[in-house]
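Reader: I am new to this structure and would like to go through it slowly, one question at a time. Could you show it to me before we begin?

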Amino acid sequence: MNKVALITGASAGIGKATAILLAEKGYNVYGVARRLDRMNDLKELGIKPLALDLTKNESMITAVDQIFNEAGRIDVLVNNAGFGSYGAIEDVSMDDARYQLEVNVMGAMRLTQLVLPKMREHGQGKIINISSVGGKVALPMGGWYHASKFALEALSDCMRMEVKPFGIDVIVVEPGATKSEWGNIAFDSLMKVSGDTHYKDLAGKVYNTFEKVAKNVSAPENIAQLILKAIESKRPKARYVGEKWDAKFLLTLKRILSDNMMDKLIMGQAK
């Protein structure tokens, strides 16, 4: 029996690339996203698109129940859906902050809650949580985004120990900058929120840094290969980091430098 995979955020970027790769490898793939029309092309590859809104409990229940009714199980959950809402912490409204956490953290964890009982029943499963280098290293103007990814890292660590006795692996994937719609959303929100406030000078510098980074990013297909490696490993690592050397180097610096030194290094790049 082909393994069943549920991938969120399958309408674009890493989610779409992962859905395509797993389908090519023989998985029975369900790709979910809010924008069902953006996944029409996936049908030709045997991928089953479903509408799912991570901020609506009933939407998640309906989608998971449909998969269980059709396939009987979910062997792999890839919590990929998420976005970056940028702006100075003082400037970001509490409504926008809550929505950021609702999508990137609460939605992912609620979906995981819905999937875990069947995984326990079958004595196996893989939960892949797509975090970020930004789940370990915080940059100015991304406070609520980083908060969501730091939270996802902690929740993954806790859950990994909780579900291991049931034969379930919890794995974190930490991409660096990746070609996707994420960048455009983050760029736009940064200038909309803080482009004309007391933080406008820093916002402009961070925006310029984003533009430089955007010229040298990973292809989503490369991250999809990393996810596949994690899924198919019999003894997966707790974390997999994107292939870009600068992402790995930044994480290394985070481990060895003091907080003050890291602050100076990061702010020195914002020009």
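Author: Helices of at least four residues and strands of at least two are DSSP runs, numbered from the N terminus. Please keep in mind that this is a predicted model.

Reader: In which strand does glutamate 174 lie?

Author: Glutamate 174 belongs to a strand that covers residues 168-174. With the numbering of strands running from the N terminus, the strand that holds glutamate 174 is E6.

Reader: Is glutamate 174 buried or exposed?

Author: Buried means under 20% relative accessible area. Because the relative accessible area of glutamate 174 is 1%, this residue counts as buried.

Reader: Which side chain is joined to that of glutamate 174 by a polar contact?

Author: Glutamate 174 touches several residues beyond four places away in sequence, including Ser131, Lys136, Arg239 and Leu251. The polar contact between side chains spans 3.3 Å, and the partner of glutamate 174 in it is lysine 136.

Reader: Is leucine 251 buried or exposed?

Author: Leucine 251 lies in helix H8, which covers residues 245-256, and among the residues that leucine 251 touches are Val133, Lys136 and Glu174. Since its relative accessibility is 7%, leucine 251 counts as buried.

Reader: How are helices H2 and H3 oriented to each other, roughly parallel or roughly antiparallel?

Author: The axes of H2, residues 57-71, and H3, residues 94-122, come within 10 Å and cross at roughly 30°. Angles under 35 degrees count as roughly parallel, so H2 is, with respect to H3, roughly parallel.

Definitions and conventions: Residues are numbered from 1 along each chain as its sequence is written. This is a predicted model: local features need pLDDT of at least 70, side-chain atom pairs count only at pLDDT 80 or more; totals for chains, interfaces and linings use all residues. Side-chain values use heavy atoms; hydrogens and water are left out. Axes are lines fitted to C-alpha atoms, for helices over the stretch in contact, and angles run from 0 to 180 degrees between N-to-C directions. Angles under 35 degrees count as roughly parallel, over 145 as roughly antiparallel, 65 to 115 as roughly perpendicular and the rest as oblique. Buried means under 20% relative accessible area, exposed over 50%, partly exposed in between (1.4 Å probe, protein chains only). A polar contact is a pair of N or O atoms within 3.5 Å; within protein, one must be able to donate a hydrogen and the other to accept it, and residues adjacent in sequence count only if both atoms are side-chain atoms. Contact means heavy atoms within 4.5 Å.
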